[in-house]
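Here is a quick walk through one protein model, covering its pockets, its core and its charged pairs. Keep the 3D view open as you read.

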Amino acid sequence: MTRILGIETSCDETAAAVVEDGRRVLSNVVASQVAIHARYGGVFPELASRAHVEAIVPVVEEALRTAHVDWGDLDAVAVTYGPGLPGSLLVGVNFAKGAAFGRGLPLVPVNHLEGHLYAHWLETGGEEAADGRLDFPLVALIVSGGHTELLLVRGEMDYRRLGGTLDDAAGEAFDKVARMLRLGYPGGPPIEKAARQGNPRAFDLPRAWLPGTYDFSFSGLKTAVLRALRPYGDHRPARLVADMAASFQAAVIEVLAVKAARAAKAYGATAILLSGGVSANTPLRRAVREAAEVPVYALPIAFCTDNAAMIAAAGTRRFEAGERASWALDIRPGLPLA
Ligand code: KG4
Ligand code: ZN
């Protein structure tokens, strides 16, 4: 049996978790900084780093306590070393280095995106989750506030990047449009909610198809929303907000769903895996299912958004493959996956 402590601080969540055999989640603790960043409408990097410093020790202690394990019961410490915000990554990596060295445990470096992917091997009990019952090859769509990545997963830890966003991440677009509609931060949940009352065809917004590629672009859509709102000035009646939320959401979802389904077909994938905060979006899940000819798996919300159980899950694969970080492990803010 392999028991791993995962540590995640790449963005605005301070997280720690204990996972057995890359599957059983013994604990999964997340300290969210949403309240700190809400007034800025996005993550404020210096404040994020400071909040990680304050939260990291209590979060790790709680993860061990709620898992009923001690440092001596662990086989390794796995930590996110990229991609992410430099100041945020620094806190997790240096804490993990110190803790692993001090407790005589090996340190395993984990790519945050690989974590989002291996969340699908955890026993989450989610109704739409695969819980590890998967066969390669797979297509994975990772959509969050920082990433929009379409990947071909050929085997264990074997990826090919098919495409990604050329500008804003999907979640970033949700957050920016929510701000224009004065819906607060993070923007995904209130846009999804407002969209339920709106007409997705009320505004004819552009879809950036970027033909012949699996790439995405959301900045033109964002500009189109801004332009369409201009005639209303400072006036934002509920009808307008609902119609714009629905029209914007439909434009984002359509391109994501069609490209994910097309990739699955082109590469003979056995299933599509949805990860990241934006994959909490119910209409997105539905649209991908409608477009795809293979099963589409999605996670319970706590495993869509940033967490450390997914880092421990990916870390378990890396640990079992013999991967160890040296004590010189450095952060890699722009670390690619494939
Ligand atoms: O994975 P995550 O927690 O953090 C990052 O790594 O970025 O993703 C956060 C993003 C935010 O942009 C948020 O607006 C978006 O996920 N999000 C959603 C929904 N819930 C969260 N977007 C659309 N629909 C949702 N229901
Ligand atoms: Zn993430």
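## Ground rules

Helices and strands here are DSSP runs, with at least four residues for a helix and at least two for a strand, and they are numbered from the N terminus. Keep in mind that this is a predicted model.

## The second largest pocket

With that naming in hand, which element gives the largest share of the lining of the second largest pocket? It's α8, with five residues. Both α8 and α9 give two or more residues to the lining of this pocket. The space inside comes to about 220 Å³.

If you want to pick the lining out on screen, select Ala-195, Pro-200, Arg-207, Ala-246, Gln-249, Ala-250, Ile-253, Glu-254, Pro-283, Arg-286, Ala-287 and Glu-290. Sorted by class, that makes seven nonpolar, one polar and four charged residues.

## The largest pocket

Now for the largest pocket, which holds about 1,000 Å³ of space. It has 36 lining residues, and the ones closest to its centre are Ser-144, Gly-145, Gly-146, Asp-175 and Tyr-185. By class, the lining has 13 nonpolar, 15 polar and eight charged residues.

Where does that lining come from? Domain 1 (3-124 + 303-320) and domain 2 (138-298) each put in at least three residues. At the level of elements, β3 (24-32), α5 (170-180) and α6 (188-195) each supply at least two. The largest share belongs to α5, with six residues.

## The nonpolar core

As a rule, nonpolar side chains in soluble globular proteins tend to be buried together. In this model, the largest nonpolar core has 51 residues, and Leu-150, Leu-205, Phe-248 and Leu-256 have the most contacts inside it. Two or more residues come from each of β6 (138-143), β7, α5, α6, α7 (219-229), α8, β9 (272-275) and α9. Helix α8 turns up once again, giving the largest share of this core with 16 residues.

While you're looking at α8, find Val-241, which sits in that helix. Is Val-241 buried or exposed? It counts as buried, because its relative accessibility is 10% and the cut-off for buried is under 20%. Val-241 and Ala-178 are 63 residues apart in sequence, and their C-alpha atoms are 9.3 Å apart in space.

For another buried residue, go to His-52 in helix α2 (residues 45-67). His-52 has a relative accessible area of 0%. Between His-52 and Val-288 there are 35 Å from C-alpha to C-alpha, with the two 236 residues apart in sequence.

## Salt bridges

How many salt bridges does a search of the whole structure find? The tally is 18. One of them pairs the side chains of Glu-156 and Arg-317, with N to O at 3.7 Å. This pair links distant parts of the chain, 161 residues apart: Glu-156 is in the loop between β7 (148-155) and β8 (158-164), while Arg-317 is in helix α11 (residues 309-320). Glu-156 is partly exposed at 39% relative accessible area, whereas Arg-317 counts as buried at 14%.

Asp-168 and Lys-176 make another salt bridge, with their closest N and O atoms 3.4 Å apart. Here Asp-168 is the buried partner, with a relative accessible area of 7%, and Lys-176 is partly exposed at 30%.

Then there's Lys-265 with Glu-293, where the closest N and O atoms are 3.2 Å apart. Lys-265 lies in helix α8 (residues 238-266) and Glu-293 in the loop between α9 (282-291) and β10 (296-297), so this salt bridge ties together parts that are 28 residues apart in sequence. Both ends are exposed: Lys-265 has a relative accessible area of 59%, and Glu-293 has one of 67%. Finally, take a look at Arg-3, Glu-20, Asp-21 and Arg-24, which are joined into one network by salt bridges that share partners.

Methods:
Residues are numbered from 1 along each chain as its sequence is written. Chains are lettered from A and ligands numbered from 1 in the order in which they are written. This is a predicted model: local features need pLDDT of at least 70, side-chain atom pairs count only at pLDDT 80 or more; totals for chains, interfaces and linings use all residues. Side-chain values use heavy atoms; hydrogens and water are left out. A salt bridge is a side-chain nitrogen of Lys or Arg within 4 Å of a carboxyl oxygen of Asp or Glu. Buried means under 20% relative accessible area, exposed over 50%, partly exposed in between (1.4 Å probe, protein chains only). On a 1 Å grid over the protein atoms alone, a cavity is a set of points where a 1.4 Å probe fits but cannot get out, and a pocket is an open set with protein on both sides within 12 Å along at least five of seven lines; lining residues have an atom within 4 Å of a point. Grid points are joined across faces, edges and corners, and a volume is the space filled by probe spheres set on the points. Ala, Val, Leu, Ile, Met, Phe, Trp, Tyr, Cys and Pro count as nonpolar, Asp, Glu, Lys and Arg as charged, and the others, Gly among them, as polar. Domain bounds come from an automatic or database domain assignment. A nonpolar core is a set of buried Ala, Val, Leu, Ile, Met, Phe, Trp, Tyr and Cys residues joined through side-chain atoms within 4.5 Å.
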